[in-house]
Amino acid sequence: MIDSLSGFLDVIERSNCFKKERFESNIKITTLGFEECIDELFCPKCGDIRRCVVNRVTHNPEFEINEFTESIVVKSLPCLFKATCLQCESETLLLIYKGPEEVELAVLHDTYNGCVTPNSPKEVKYYIDQAYRARSVGAVSASMAMYRSALEWLLYDQGFEKGMLGNKIKTLEEKIEKNNEPKWAVELDIGFLKAIKEIGNGSMHTNGGDIEKQNNIDKNLLELVDIVFAELLDKIYEQPLRSSNNLSKLKEKALAMSK
Ligand SMILES: [Zn+2]
């Protein structure tokens, strides 16, 4: 998925779009003549990389490049683009806008976002979607808090209903010690769950009056948390289904051969 302005500008760059340049008092202004391109992007509905058509919806963006400082300023904002998956036709709006401190990219999908898988429970889907939406507009601490809630719902769905998240993880740990854990937890390093809980708690608490600790939460961390969740959801909700479907197909053929 595209979740940074630089990532999206790379897509535009790869399209080899027409560029028009002019100078205003030693500052080079580059206008991109971008109309449309096809690129390989992550589609949240398909859950994988797909060929997507990227269109320009509003005017072309202008980039002001100062040749001395090499700073780049995106002018004439906001600019809106649209990416459409060629397989499932789901649409993603990409808005370049002036945020409170810098130019940012907001990514808005028409489907559940982030790493949700088709058979994840709706409560987990809800919180991962919330995490993704917060992340796509740069609200990283809010996003981390939502991943924490998604983890709590996931454990609740798996029968760990008592207490808050810390207690749920502790109960799972006790079951692992007694070799009484659910199948999906057999090879699970519980350190992943504990880390998500700790960072999630830190995203909401006063942390001894130190707001600077929030700087530990950035888009790279959230990308990693998303990957960990994707693996977890696949292991719990998708892999067992794939496995039993494959087994049924095999058994059917084996039966046909034995007749
Ligand atoms: Zn798709």
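This short report looks at how the two domains of this chain sit against each other, in a predicted model.

Let's start with the layout. The domain assignment splits the chain into domain 1, covering residues 1-111, and domain 2, covering residues 116-251. Taken over C-alpha atoms, the centres of domain 1 and domain 2 lie 31 Å apart. Where they meet, domain 1 contributes 10 residues to the contact and domain 2 contributes 8 residues.

The size of an interface is often expressed as the accessible area that is lost when the parts come together. Here is how the meeting of domain 1 and domain 2 looks in numbers:

| Item between domain 1 and domain 2 | Value |
|---|---|
| Buried area | about 690 Å² |
| Share of buried area on carbon and sulfur atoms | 40% |
| Salt bridges | 0 salt bridges |
| Polar contacts, both residues at pLDDT 80 or more | 2 residue pairs |

On the side of domain 1 that touches domain 2, strand β9 (residues 103-109) supplies the largest share, with 5 residues. Sorted by class, that side of domain 1 holds 6 nonpolar, 2 polar and 2 charged residues. Even with charged residues on that side, the count of salt bridges between the two domains is 0.

One more item comes from a record. UniProt, in an unreviewed entry, places the feature "domain: DUF4145" at residues 130-215. What is the helix and strand content over residues 130-215? The chain there is 60% helix and 0% strand, and the C-alpha atoms at the two ends of this stretch are 20 Å apart.

Definitions and conventions:
Residues are numbered from 1 along each chain as its sequence is written. This is a predicted model: local features need pLDDT of at least 70, side-chain atom pairs count only at pLDDT 80 or more; totals for chains, interfaces and linings use all residues. Side-chain values use heavy atoms; hydrogens and water are left out. UniProt positions are given in the numbering used here, feature names are shortened, and annotations may be inferred rather than shown by experiment. Helices (H or I, at least four residues) and strands (E, at least two) are DSSP runs, numbered from the N terminus. Domain bounds come from an automatic or database domain assignment. Contact means heavy atoms within 4.5 Å. Buried area is the accessible area (1.4 Å probe) that two parts lose on being put together, summed over both. A salt bridge is a side-chain nitrogen of Lys or Arg within 4 Å of a carboxyl oxygen of Asp or Glu. A polar contact is a pair of N or O atoms within 3.5 Å; within protein, one must be able to donate a hydrogen and the other to accept it, and residues adjacent in sequence count only if both atoms are side-chain atoms. Ala, Val, Leu, Ile, Met, Phe, Trp, Tyr, Cys and Pro count as nonpolar, Asp, Glu, Lys and Arg as charged, and the others, Gly among them, as polar.
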